Amino acid sequence: MRLRKNMKRTAAAVLALSMAVSAVAAPASAAYICDVSKGSVEVSVNEKGQKTITVGGANVQKTEDDSDNIIITGDNTKATEGQSAAEENASDEVEKSGENTSEAEKPGVTEGEDKTQNSAAEGEDDEPTTQELLAPEDEEKKDEQKDEQNPTETQETEQAEKPADKVLLYEQNDPEADKEATKQETTKPVVKEETKEKSYEDTNAPTTLSEKVQAAANNVVKIINNSTEPLKVFLKNLKVDAGNTAENAVTVSGTGDVTLELDGKNELKGGTGRRKPSVYGGSGLDNFDQKGTLTITDEDKNGSLTAVGGDHVGVVSDSRYGGNGIFAKNLTISGATVTAVGGGADDRGSSNVHQNGSVGGDGINANGSVKFSNATVTATGGSTFSDNTAVWGGIGLEITSSGEFIIDSGTNLTVTGGSAESETGRVQGGQGLYLSGSRKKMTVNGATLTLAGGNAKTNSTDSSSAAGAGMQGRPATDTEITNSKVTVIGGDLTGGRTKKANAVTINVTLNDNFKLDGDTTFTSSGIISNISSGKITVAGDATLVQEDNSYNKNTKIELEENGKIYTLGDVTVTENEDGTKTISGTPTGKKVVGHDYKVVSIVEATCTTPGKIAYRCETADHSDTDEDVLAPLGHEFVNGVCTRCGAPEQAAVESSSGSSAVVLTVTPAMAYETSIADGRYIIAVPAETAMLSGCLGNLRELKARDVTTIVFRTQLRETALDIDSMLSLGVDDTLFTLTHSGESAELTVGGFAHNELLH
């Protein structure tokens, strides 16, 4: 009898577990855990703020920690044992009807379930009720009471009667029946599995691993907020690939705002199917139909997001576009690392291609108000390939809005147009940044931008083929780029014709303002062209650098204040490890207000000595000269030897106070003395000519040790430098050089003379 009671308790535990486990097994650390590998996830909030959260159509229950966090996780490219919420619920129902029972046993279980409402009055032969299962201590009390009523039954007798207890459960009472019941139990898993498979086939559920994987790949995420309160959803190590469907990996919609907080590595890929009524593939992330704002954040700096548009391979006649990495309306990316790649389009080998050719998806296609703040954003257009039709590379970042476009402090934006390649057809590389619409404001402040057009290749000599511009379109009525570093590069066309694309092709009208201001450096490789009658203004301390003989003569560039224009020849472009690009070349000229200088001579800087560029003004009736000082390159020591000049590592000036040394270089190397007194750091060199060099970061370290003034003393000259004044001239890696030659002294900071600071 005891065994029978233990079996009832086991059944109780199984049923309680099946009731507690929903589509997602949530740990106590979060309120709602939604695993996309178990089914499509839908998070919906209505106008009243009521939430409905489902996975595979089954409700996800809130955990006990009273948190309202919603976490979407999982990998839909991997099938799980439970496969989906629907399967788990079906499995739970099977468990409720009798875990580890044979087909012959099931009627007895069903019968017991039919009696549960009156089980208290039916006696001990009835199956346990749900209430009994959830309160096992009450069950034990009942068992003890029954044991007292049957004192002659011992534990040993109960164990010896194990088959009899099994028989009693199924209302059999002879040994042969016991053996048969035991036999049925041992063969039960096969019978149960066959019935389970048959049941799933009736619902078109997968029955093989490959089918499960394919079904899981159809799982996607939908987030809908129609409440006036913002909805925050966590994406945690989420991987969604919409496979060969026409779906987006993640879709956000509704009238309210939604914030996606990134935890871990999140990867989204849109489906490759045609999405009616448009001809785009699925997007990695899509909120284009949302009326609120989508914000992507990473507050604890432990996450990232990669969104890739669906590819089109073997494009059919009514489908020609790759999907967008991010297809957005009213988008904010704040403090997050986001990578977006447009889907590719490849119709090579297809006999039924679109008559107008194929187009790669955009890395990011955004409408409405768009803001990037303290974020790292990389957007790349999809690449396209064809045998003989026209192809267009996707755009890196396309802004098609009438709202504001803001790139704020700390943002590093790298955009690249997709490449386009056709054996004999027309090609067009994608633009890096494409601007359309009628926005009133575009602001870039304290940011780093790299804008590169896509390359193009064809054997055709069609004159309409071209590579992509780094920046193209109509910026805004009021466009200001302040205290930023901008690098713009046109793509290259190769094959039948060779031509470099414009770096910039913009439409700035007479009533528009396009200004480079503050400490901005805007460097371009390729033509800068304004196709309208407006002007580009270089003001403040801004610098515009462009290729010599590669600018549109009709483009008006006006200088104000200390604004400068430099021209370069023999331009080369190198790509850095972080994805940014560097443009370098030989200086050929400089323009400032009232003067147009050409280079007369160049003395290259060495590791220890500054260089110099000499200019002569060619403006009519002018004979002015000017020069720029190039800061010393500084040594790069490896194993005690400089990789630039081969010099051995030399002695350095070290601050004796503090736990770490502050290094300043004295050239030429010789014996010298250093001392600190009354906030003055003194370097005394027994020579008439010597040079002290370092970077502003060295001076900042000295300031942290209560040094306010640095004194450089040679035999015929003593110079005092105020550290605060020096630090105001640049960032920590800005180089400075203080040179004494007899009684004269010269100070350069960041390659520019600052003798006004000599005291």
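Me: When does a charge count as sitting over a ring, and what makes Lys590 an example?

Reply: A charge sits over a ring if NZ of Lys or CZ of Arg is within 6 Å of the ring centre and within 35 degrees of the ring normal. In this predicted model, Lys590 lies over the face of Tyr597, at 5.6 Å from the ring centre. That value falls within the 6 Å limit, so the pair of Lys590 and Tyr597 qualifies.

Me: Thanks! Why is the pair of Phe288 and Phe327 called stacked?

Reply: Two numbers settle it. The ring centres of Phe288 and Phe327 are 4.4 Å apart, and 15 degrees separate their planes. Rings pair if their centres lie within 6.5 Å, and planes under 30 degrees apart count as stacked, so both conditions are met. By this rule the protein has three aromatic pairs, and Phe288 with Phe327 is one of them.

Me: What does that pair tie together, and where do the two residues lie?

Reply: Phe288 is in the loop between strand 10 (285-286) and strand 11 (294-297), whereas Phe327 belongs to strand 14 (residues 326-334), so the pair ties together parts that are 39 residues apart in sequence.

Me: How do you know which of these, Phe288 or Phe327, is buried and which is partly exposed?

Reply: Here the relative accessible area decides. Phe327 has 12%, which is under the 20% cut-off, so Phe327 counts as buried. Phe288 has 28%, which lies between 20% and 50%, so Phe288 is called partly exposed.

Me: Are Cys617 and Cys642 buried or exposed, and how many disulfides are there?

Reply: Cys617 has a relative accessible area of 3%, and Cys642 also comes to 3%. Buried means under 20%, so both cysteines count as buried. As for disulfides, the count is zero: the rule asks for a pair of cysteine sulfur atoms within 2.5 Å.

Me: What makes strand 17 and strand 26 edge strands?

Reply: They belong to an open sheet of three strands in the order 17-21-26, with parallel pairing. Strand 17 (358-359) and strand 26 (427-428) each pair on one side only, and these are the edge strands.

Me: How do you know that strand 21 and strand 26 pair?

Reply: Strand 21 (residues 391-392) and strand 26 are joined in the parallel sense over two bridges. The rule asks for at least two bridges, so they count as paired. Within this pairing, Trp392 stands opposite Gln428 in strand 26.

Me: And how many helices and strands does the protein have, and what share of its residues is buried?

Reply: The protein has twelve helices and 59 strands. Of its 759 residues, 47% count as buried.

Conventions: Residues are numbered from 1 along each chain as its sequence is written. This is a predicted model: local features need pLDDT of at least 70, side-chain atom pairs count only at pLDDT 80 or more; totals for chains, interfaces and linings use all residues. Side-chain values use heavy atoms; hydrogens and water are left out. Helices (H or I, at least four residues) and strands (E, at least two) are DSSP runs, numbered from the N terminus. Buried means under 20% relative accessible area, exposed over 50%, partly exposed in between (1.4 Å probe, protein chains only). Rings of Phe, Tyr and Trp (its six-membered ring) pair if their centres lie within 6.5 Å; planes under 30 degrees apart count as stacked, over 60 as edge-to-face and the rest as tilted.
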